[in-house]
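Visitor: Could you take me closely through a single part of this model, and explain how its residues are arranged?

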Amino acid sequence: PSVYGASSNLLETIDVSSLAIVGVAIALLALLRRRIGAALASLVLVLGANVTTQVLKSTLPRPNLGAESVLPQGSFPSGHATVAMSLALALIIVASPRARTVAALAGGTYAAAVGAAVVLLNWHRPSDVLGAYLVCCTWFGAAALLSKALQRTASTDSGVGGRGIALVVGATAVSAAIALAIVSRRVELVAVVGGRTEFILAALVVIASAAVLIATAAWLLDDARKSRATPHPPSADRERELSLR
């Protein structure tokens, strides 16, 4: 019951008003850093991903796999998971290279927790959550291209790098382990695993997917930044001119 209540409280943080407030706040963060491209990209990501999910939910058929009459018909992709992941990816876009690891860790943990919660409460299938994550990643690609097109200067700060990616994935896994340990203090761990094996496996898939996607997004932004910051070698004509001088 305590885990069920905590999951319900977590999902209550997501509604239209909270999406608008947090989405605008993320864009304002970029504007304060004079990164207009990143601000526009974050808004495109959040708006595009959530509108796409609502369109898909209302149009895609949902086959009955049996014993799921309590689940809503329009459940793919998950709206709650889309909100959480879109905000997490938007935060990564606007974060400075130095703060991107922390942003990825915070956003990834939140997106993973929301994804596991909607499965725990029997609101969605695990595939509904993964579908939402992938919708957000699609719009992340479009938003990153927009940000790159509008960005004029390349940052020289250090980025995420390999250690940061490992930190994001590892810390998300550790967070899941800590949550499981807290639960096991009140309920026998063996009984939890034995009675809810399907949910635990589904939650692990959701958490791992969120961690990998978030870390990959952060790595792609960092790799693109390094590519822009690397000076291009001079052309053959330029080399000939320099040699003559």
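Guide: What follows is a close look at one helix, with a short note on the cysteines at the end. The model is a predicted one, and the part chosen is helix α2, which covers residues 16–32. With 17 residues at 1.5 Å a residue, α2 should span 24 Å, and because its end C-alpha atoms are 24 Å apart, the expected and computed spans agree.

The buried residues of α2 are Ser18, Leu19, Gly23, Ile26, Ala27 and Ala30. Viewed down the axis of α2, these buried residues fall within an arc of 155°, and so they line one face of the helix. The general background is that an α-helix has 3.6 residues a turn, so residues three or four places apart point the same way. As for what lies over the buried residues of α2, the covering elements include α3, at 36–59, and α4, at 79–94. Ile21 and Leu32, by contrast, sit on the other side of α2, where they are exposed. Just after the helix comes Arg34, which takes a positive phi of about 60°.

Turning to the cysteines, the count of disulfides comes to 0, where a disulfide would require a pair of cysteine sulfur atoms within 2.5 Å. Cys136 is in no disulfide, the nearest cysteine sulfur being that of Cys137, 6.9 Å away; Cys137 is likewise in no disulfide, with the sulfur of Cys136 as its nearest, at 6.9 Å. Cys136 counts as buried because its relative accessibility is 0%.

Technical notes. Residues numbered from 1 in each chain as written. Predicted model: local features only at pLDDT ≥ 70, side-chain atom pairs only at ≥ 80, totals over all residues. Heavy atoms only, no water. Helix = DSSP H or I, 4+ residues; strand = E, 2+ residues; numbered from the N terminus. Expected span 1.5 Å × (residues − 1). Buried < 20%, exposed > 50% of the residue type's maximum accessible area, 1.4 Å probe, protein only. Arc of directions from axis to C-beta. Contact = heavy atoms within 4.5 Å.
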